[in-house]
Amino acid sequence: MTDAASDEGFLLAVLNSTPVVDGVPTDEFADSDRARAWLASAGGLGTEAELQQVLEVRQALQAVVRGEQSPDVLAPALRGVTSLPAMMDGQITWTLSAPPERQLAVRAVLTWDTLARHSPGRLRPCANDECRLFLIDHSKANAARWCSMAVCGNRMKARRHYQRIRNMRAE
Ligand SMILES: [Zn+2]
């Protein structure tokens, strides 16, 4: 799985934990032990309750980013979450407070929100409709279409090439 040290890395890893492998949809969090170990390595508690929260938020975020559902479906993840201001060195700093088992889920939702606000459209599904992965496009041109050029980019190019040859033969 990808590096989860940064908030974006964490969000992307969660979104991309249901890849299609050899045409079969899989779930990298299906193995609870492995999933909980990964959540712990991402700064979480590694508990079953935390995993359930992350799974719920993953499903909601995937649907939102695919445009299948309204962001309102993310509201339950934010219930009971507060942000407290404190004065430090002449500046106000905000400290987020969330139920412990929901902190990672909240982190994913807030990172999605930051991206949606500051980089609208940059987080999107891979353009390969047989791929279930997502990408965050940081390029200036904002023209990336594939989760990975090496995987989906080349596959789609090869498919187009094949179709072109087939069309030529059919003429
Ligand atoms: Zn892809």
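What is the site of the zinc ion like, going by the angles among its four donor atoms? The site is tetrahedral, with angles of 104 to 119 degrees; four donors earn that label if all angles lie between 85 and 135 degrees. For four tetrahedral donors, the ideal angle is 109.5 degrees. This is a predicted model, in which local features need pLDDT of at least 70 and side-chain atom pairs count only at pLDDT 80 or more, while totals for chains, interfaces and linings use all residues. Residues are numbered from 1 along each chain as its sequence is written, and side-chain values use heavy atoms, with hydrogens and water left out.

The protein donors are the SG atoms of Cys 126, Cys 131, Cys 147 and Cys 152, at 2.3 to 2.4 Å from the zinc ion (donors being N, O and S atoms within 2.8 Å of the metal, or 3.2 Å for Na, K and Ca). Their spacing in sequence reads C-x4-C-x15-C-x4-C. Cys 131 sits in the loop between strands S5 (123–125) and S6 (134–136), and Cys 147 in the loop between S6 and helix H5 (149–170), so this pair ties together parts 16 residues apart in sequence. Helices (H or I, at least four residues) and strands (E, at least two) are DSSP runs, numbered from the N terminus. Cys 131 is buried at 16% relative accessibility, whereas Cys 147, at 24%, is partly exposed (buried is under 20%, exposed over 50%, partly exposed in between; 1.4 Å probe, protein chains only).

As for confidence, the chain averages a pLDDT of 92, on a scale from 0 to 100. The lowest mean, 79, belongs to H5, and the highest, 98, to helix H3 (residues 48–65).

Methods:
Tetrahedral: all angles 85-135°; square planar, octahedral: opposite > 155°, others 65-115°. pLDDT = per-residue confidence, 0-100.
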